[in-house]
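Here are a few exercises to work through with the model open. Try each task before you read its solution.

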Amino acid sequence: MFDRYDAGEQAILVHIFFSQDKDMEDLQEFESLVSSAGVAALHVVTGSRKAPHPKYFVGEGKAEEIAEAVKTSSASVVLFDHALSPAQERNLERLCECRVIDRTGLILDIFAQRARTHEGKLQVELAQLRHLATRLVRGWTHLERQKGGIGLRGPGETQLETDRRLLRNRISQILSRLEKVEKQREQGRRARADVPTVSLVGYTNAGKSTLFNRMTEAGVYAADQLFATLDPTLRRINVGDVGDTVLADTVGFIRHLPHDLVAAFKATLQETRQATLLLHIVDAADTRISENIDAVDQVLAEIEANDIPTLLVMNKIDLLDDFVPRIDRDEENRPVRVWLSAHNGEGMALLMQALTERLAGEIARHELRLPPQAGRLRSRFYQLQAIEKEWVEEDGSMGLVVRLPIIGWHRLCKQEMALVDYLV
């Protein structure tokens, strides 16, 4: 039932400029998406309109031009750099006599190719099913009649109704499985509740995985293509005075990221929502820096992660002329932006310095006096490597100076209700 095409297929690309926005960068990004999907672009059809046509999205003349291009080039699929309605897709398919896939379908297909883990495959399938739910009628119009034949007569359910029911059942199954995965992730987060988490976010192909590998030597797959990373990867690193820190590499964002995809990847993006600090990786050599930053900020707002402290990392300075790594600071002398190259390692020491400063500002330091019966709590602080100083009082109680990330301290206070009573 899926509108999937095989890698190596040949396509006609369609990109329409609206109003005065004639920026070719969007078209270049679309061509990169097509290339990432393993599809060869035979011809690009462009045009401009004030508003989408209700029947074909493009005008009737442009639709005929697309159909003619399909016939002359023997293309097997038409890819639109826009979101099409089910009716528009159906009308275009009838006219062109081949499959028509919009931007959302293309991104979903790339994600399907990239998914490696069981969770990632479930998330992609969920997004595909939700996208397909509104388009079921497309391939099944000849079956919009009641079933007939031996063993098939009965309640009068049409083939289309059956497909919709099966679709709903499958979506329910996937949601149930993803709920279990989310609970497992939550348990993992609780186990490292006292360790700060730094999550890498950014526009797709900004260099997040390259930076992640540079910081952790993890060997995560990194390539100069869109959505090279799909499944999240976590590693522990040591950050200056802060100590153990969890670093999370996440999926890249893109303009007009399908809402179904954001919803499906809710469990994965939870790592971003609960991070202590976000490293927003930006391609400093990209001509659309501000637009890319805005696109990432929109997705962060959509997943309710826009209020988490953020450090901008301006990557790929090796592609700029005579650019030296540096740290930009605000009026309070806090690092807000680091310029570096993850590719050749320039500026990495500055990034670790900025990380130390930003995370150390989130460290809580407290003096405690524990009674002899609180040995379990003392042992917990040792497990967390949080004890800075220790001594024995005259009454036999134990004096401690502990250092913990503020977020970890608050969580520990919730878990150990008596902790606040021991503060000096």
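**Exercise 1.** Find what Leu300 is in contact with, leaving aside neighbours within four places in sequence.

*Solution.* Count a contact when heavy atoms lie within 4.5 Å. Leu300 then touches Val201, Phe253, Thr272, Leu278, Ala305 and Asn306.

A word on the ground rules: this is a predicted model, so local features need pLDDT of at least 70 and side-chain atom pairs pLDDT 80 or more, while totals for chains, interfaces and linings use all residues. Numbering runs from 1 along each chain as its sequence is written, and side-chain values use heavy atoms, without hydrogens or water.

**Exercise 2.** Place the largest nonpolar core relative to the domains.

*Solution.* Start with the term: such a core is a set of buried Ala, Val, Leu, Ile, Met, Phe, Trp, Tyr and Cys residues joined through side-chain atoms within 4.5 Å, where buried means under 20% relative accessible area with a 1.4 Å probe, protein chains only. The largest one has 37 residues, and Leu300 is among those with the most contacts inside it, along with Leu79, Leu106 and Phe253. Next, look at who contributes: helix H4 (103–114) is one of the elements giving two or more residues, and its 5 residues are the largest share. Finally, domain 1 (10–101) and domain 2 (194–360), with bounds from an automatic or database assignment, both give residues, so the core lies between them.

**Exercise 3.** Is Ser209 buried or exposed?

*Solution.* UniProt's unreviewed entry puts a "binding site" at Ser209 and Thr229; such annotations may be inferred rather than shown by experiment. Ser209 sits in helix H8 (residues 208–216). Its relative accessible area is 8%, so Ser209 is buried.

Methods: Helix = DSSP H or I, 4+ residues; strand = E, 2+ residues; numbered from the N terminus. Buried < 20%, exposed > 50% of the residue type's maximum accessible area, 1.4 Å probe, protein only.
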